[in-house]
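Hi,

Here is the structure I promised to pass on. Have a look at it first, and then read on for what turned up.

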Amino acid sequence: MHPRTDSDKYRRLKTPTFSIARTAAFCRRVLFGAGENGRVGDMMQHVMTTYGRQAIAFSRGDGSWLWDLEGKRYLDCVSGVAVTGVGHAHPRLVTAIAAQAGRAMHVSNLYEIPEQEQLAVRLCALAGMDSAFFCNSGCEANEAAIKLARLYGHQKGVESPAIIVMEKAFHGRTIATLSATGSRKVQAGFEPLLTGFVRVPYDDLPALEQVAAVNPNIVAVLVEPVQGESGVQVPEDGYIPHLRRICDEKGWLLMLDEVQTGMARTGKWFAHQHLGIKPDVMSLAKGLGNGFPIGACLARGAAAHVFTPGTHGSTFGGNPLGCVSALTTLAIIDDEGLVERAGRIGQKIREGIAKSLAGTAGVKEIRGKGLMIGIELDKPCGDLVKRGFEAGLLINVTADTVVRLLPPLNLKDAEVHTLIEGVAGLIKAFLNAGAATAVAR
Ligand SMILES: Cc1ncc(COP(=O)(O)O)c(C=O)c1O
């Protein structure tokens, strides 16, 4: 009953070899070869440069907070990009993972895995779906959806099945999912891309209807209910329900990428539940295991029975450790009332920031759903991330001009206040500094 007990016990267990001070010293001296004076910015020399990393590293987290190697504390308003929804080192999750690791981390999908069936039942019940395939990430969940749609097309006699995808969409970085992604930045250099995708503008029904009228190869639509990477773009309420109607008329699969919007992030278990419709296929990952890598592709109706033995698979997908992580994360979200909380505090944060920034020149729009929040400025604002470090705040900037906030679902009331004041203050200072420079010139 005492929430701190398990976590403390776990930390004590780790203390002899992995104290925070020792980890920090180890990182500086041994791992990064930087000597006593080594800087955090010198790390990661032997890791491929797929990320433009910030010069900061963290040694531990607790709830909504992360501590860097020097012991400075930061309010985590990013959650590992919509992953750690129940916060860092949640005692119940730590205990469940440790216990399962002590029983069995992995057994092959050649055998029945009771934890996997339990997770499939739970997710299907929450989403009104019929079956689940488990994998390890969001792109793999979307790969499964893309393969499923193609197989569904072939089973219907469509020789060259095609999927409608959206401009500015983000679905992952494997060859299939980057081909589905609507960003040249993500695709450039990886041509030839996979064919079989037809792209239309997001939130534009006439454009989609034009394609629907002329292309007999379409078998599915793949779409994010709220586009995340492109700057938290929330479509008109009628958009996804209208897509549902078109898919029903045409016999296409409506496939929702809920990798970022799922797991209570928007104030419902899944974002489409705000709209009173169900998809045929839905991909999940990110917040599903709160940091333990697990993804899922759920399907309903005819789509639930498309895969047969040998048509798809994943060695690690749905192993007992991953499934226990997800089952426990789901139980925490449920027991702590975090679905409702995400909606409520999300609105409070949007309203609080809007109030604080009222009249500030350079703020174009504050938008979002639940705890998926975007603040669009009228100029590139990547610098805000570093300014955030100085202020003890972790924030994200996406699409160059949008401050994206994805805090934990269990952010405490006092932390909500800190976030509002901190983020609004950062943005005001940034925009005012820009204005002062412009005047000085
Ligand atoms: C909507 C969406 N789909 C898919 C992905 C890819 O997920 P992963 O990085 O786990 O492959 C992301 C990641 O940001 C995402 O936001």
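Before the first number, one definition: two residues count as being in contact if their C-beta atoms, placed from the backbone, lie within 7 Å. On that basis, take the contacts in the protein chain between residues at least 6 apart in sequence: 72% of them join residues at least 24 apart. Keep in mind as you read that this is a predicted model.

Some basics next. The protein chain contains 14 helices and 15 strands. It has 441 residues, and buried ones make up 43% of them.

Now the ligand, which I guess you'll want to look at early on. The shell around the ligand has 14 residues, and the closest are Ser137, Gly138, Cys139, Val259 and Gln260. Which helix gives the largest share of that shell? Helix H6, residues 138-155, does, with 3 residues. By character, the shell splits into 7 polar, 4 nonpolar and 3 charged residues.

Strand E10 is worth a look too. This strand covers residues 295-299, and 5 of its 5 residues are buried. Gly295, Cys297 and Ala299 point one way from E10, while Ala296 and Leu298 point the other way, and all of them are buried.

What does E10 pair with? Strand E4 (residues 131-135) runs antiparallel to E10, and 5 bridges join the two. In that pairing, Cys135 sits opposite Gly295 of E10. Strand E9, residues 281-284, also pairs with E10 in the antiparallel sense, over 4 bridges. There, Met282 has Leu298 in E10 as its bridge partner.

As a reminder, strands of a sheet pair through backbone hydrogen bonds, either parallel or antiparallel.

Elsewhere, you'll find an open sheet of 4 strands, in the order E1-E2-E3-E13, with mixed pairing. Strand E1 (58-62) and strand E13 (393-394) are at its edges with a single partner strand each, so one side of each has no neighbour in the sheet. For E1, one partner to check is strand E2 (residues 65-68): the two run antiparallel and are joined by 4 bridges. If you want a spot to zoom in on, try Asp62, which stands opposite Trp65 in E2.

That's what I have for now. Shout if you'd like to go through any of it together.

Cheers

Terms used:
Residues are numbered from 1 along each chain as its sequence is written. This is a predicted model: local features need pLDDT of at least 70, side-chain atom pairs count only at pLDDT 80 or more; totals for chains, interfaces and linings use all residues. Two strands pair if DSSP finds at least two bridges between them. A residue is near a molecule or strand if its C-beta atom, placed from the backbone, lies within 6 Å of it. Ala, Val, Leu, Ile, Met, Phe, Trp, Tyr, Cys and Pro count as nonpolar, Asp, Glu, Lys and Arg as charged, and the others, Gly among them, as polar. A residue is buried if 20 or more other C-beta atoms lie within 10 Å of its own, exposed if 12 or fewer, and partly exposed in between; C-beta atoms are placed from the backbone.
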